[in-house]
Amino acid sequence: MQRRAFLKKAGLGAVAGTATIAAPAVAQPSPQINWKMTSTYGPSVSPLFGAAQRFCTMVKDLTDGNFDIRLHPAGELVPALGVMDAVSNRAVDCGQTVSSYYSDKDPSFCFDTAMPFGLNTRQMNAWMYQGDGMKLMRALFSPHNIVNFPFGNTGPQMGGWYRKEIKTVDDLKGLKMRTAGFAGEVLSRLGVVPQQLAPGDIYPALEKGTLDAVEFVGPVDDEKLGFQKVAKYYYYPGWWGGEGQVSLYVNDKAHAELPKSYQAVIEVAARAAGAGVVEDYDAHNPEALRRLLAGGAVLRMFPRDVMDAAFQASGVVYKEFSDKNAGFRSIYANYKAFRDNIVPWFRVAENAFDNYLGAAVMRQSEKK
């Protein structure tokens, strides 16, 4: 009898003890955390800035309002091109930007955005998430106290706006052109004088004649920024940007201080919010291009000799940077091997389909 009473009491005690331990883990509320986020962009570049807005909303919703990230557009807290330094120094906790803006620190940062004659959007996603891209980029950003996350993609970019026609390579010589990252390195070999400007500074420079040409993203943004008003020739393709990956930078200490669940929220929200960027551009670029053409823009394809010269120059630049920068050489070897392996598959399956369908739709339209 005494033994049964003892066991009963011991059993109840064990259950009570288990409940006492487990209850706080279930009932404990998520911690209240407030972050500051800056961006290279503002509301005028709505597809990109909109991704940052969605991200902040998603993080707050997924944590029942306990993880609040306050978003500041370019210039409000940090200059448009000061995002990397601000996150690295933890002047802000996180930021939205494009890594190619910081090629003066290390040209390897351009691999996190786009490279001349490089990957397209889906190929870039594959390299980042299925290849070695994420591992290589995390190692690249680590000395700068940054944990990077892919944060959407612009898709294929246009070749920019020019005051005069580009008929030969000679027409590029002496051209003062706004461009960013590795594109400027290659264009300079063709005689272009590259200028790197923040988005909000581009139109005034073009209007005043400080610039002869400008490349940014594509029809949606170009129309809003008004480039067609001062430079009517609109060229394609943007061979330096078969895609344009946007990035979320998070200060590594700020990231490490987060609960694991909040770290997971950052990763999920960045990927989900970023997915809307290319969807936005794909859905709205066609009509934006039609409006630009109706308003007087003149659409031109780069001549073949210009494309060939750019391709050859890009090879020279890749070799030069590889010879003097071991880190660049390692990333480029991996990136190029991935590109050379995946491009033939796209040429067989997707490009053949796209080329046929494009021609068929054009023929059909001409018959109407």
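Val147 stands opposite Val250 in β10, one pairing within a predicted model. Residues are numbered from 1 along each chain as its sequence is written. Because the model is predicted, local features are reported at pLDDT of at least 70 and side-chain atom pairs at pLDDT 80 or more, totals for chains, interfaces and linings use all residues, and side-chain values rest on heavy atoms, without hydrogens or water.

It helps to begin with the whole chain. The protein has 12 helices and 11 strands, both taken as DSSP runs numbered from the N terminus (helices are H or I with at least four residues, strands are E with at least two). Its C-alpha atoms fill a box of roughly 105 × 50 × 45 Å along the principal axes. Of the 368 residues, 48% count as buried; here buried means under 20% relative accessible area, exposed means over 50%, and partly exposed lies in between, with a 1.4 Å probe and protein chains only. About 18000 Å² of the protein is exposed, and carbon and sulfur atoms supply 55% of that area, as computed by the Shrake-Rupley method with a 1.4 Å probe. Among contacts between residues at least 6 apart in sequence, 77% join residues at least 24 apart, where contact means heavy atoms within 4.5 Å.

The sheet comes next. Five strands form an open sheet of mixed pairing, in the order β2-β1-β3-β10-β4; two strands pair if DSSP finds at least two bridges between them. Strands β2 (67-72) and β4 (146-153) stand at the edges with a single partner strand each, so one side of each has no neighbour in the sheet. From one strand to the next, the twist averages 25 degrees. Strand β10 (residues 245-251) runs antiparallel to β3 (residues 94-97), and four bridges join the two. Within that pairing, Thr97 has Ser247 of β10 as its bridge partner. Six bridges join β10 to β4, again in an antiparallel arrangement. Strand β4 is mostly covered, with eight of its eight residues buried.

Two helices lie across these strands. Helix α2 (residues 46-62) lies across β1 (33-39), β2, β3, β4 and β10, running at about 160 degrees to β2. Helix α4 (residues 121-129) lies across β4 and β10, at about 155 degrees to β4. These angles run from 0 to 180 degrees between N-to-C directions, with axes fitted to C-alpha atoms, for helices over the stretch in contact.

Individual residues add detail to this picture. His72 is found in strand β2 and counts as buried because its relative accessibility is 5%. Beyond its neighbours within four places in sequence, His72 is in contact with Lys36, Met37, Thr38, Ser39 and Leu77. Arg122, placed in helix α4, has 48% relative accessibility and therefore counts as partly exposed. Not counting residues up to four places away in sequence, Arg122 touches Phe346 and Glu350. Arg122 and Val278 are 156 residues apart in sequence, yet their C-alpha atoms are 10 Å apart in space.

Helix α11 (residues 304-324) holds Ala309 as well as Ala310. Ala309 counts as buried because its relative accessibility is 19%, and Ala310 counts as buried at 0%. Leaving aside neighbours within four places in sequence, Ala309 is in contact with Val169 and Leu190. With residues up to four places away likewise not counted, Ala310 touches Phe117, Val186, Leu190 and Trp239. The C-alpha atoms of Ala309 and Leu187 are separated by 9.8 Å, although their positions lie 122 residues apart along the chain. For Ala310 and Trp239, 71 residues apart in sequence, the C-alpha separation is 8.3 Å.The backbone also has some features worth a look. Most residues other than glycine have a negative phi, and most peptide bonds are trans. Phe117, a contact of Ala310, has a positive phi of about 55 degrees although it is not a glycine. Phe117 lies in the loop between β3 and α4 and is buried, with a relative accessible area of 18%. Asp64 likewise has a positive phi, near 55 degrees, and its place is the loop between α2 and β2. Asp64 is exposed, with a relative accessible area of 71%. A cis peptide bond joins Tyr236 and Pro237, with omega at about -5 degrees; Pro237 is in the loop between β9 (233-236) and β10.
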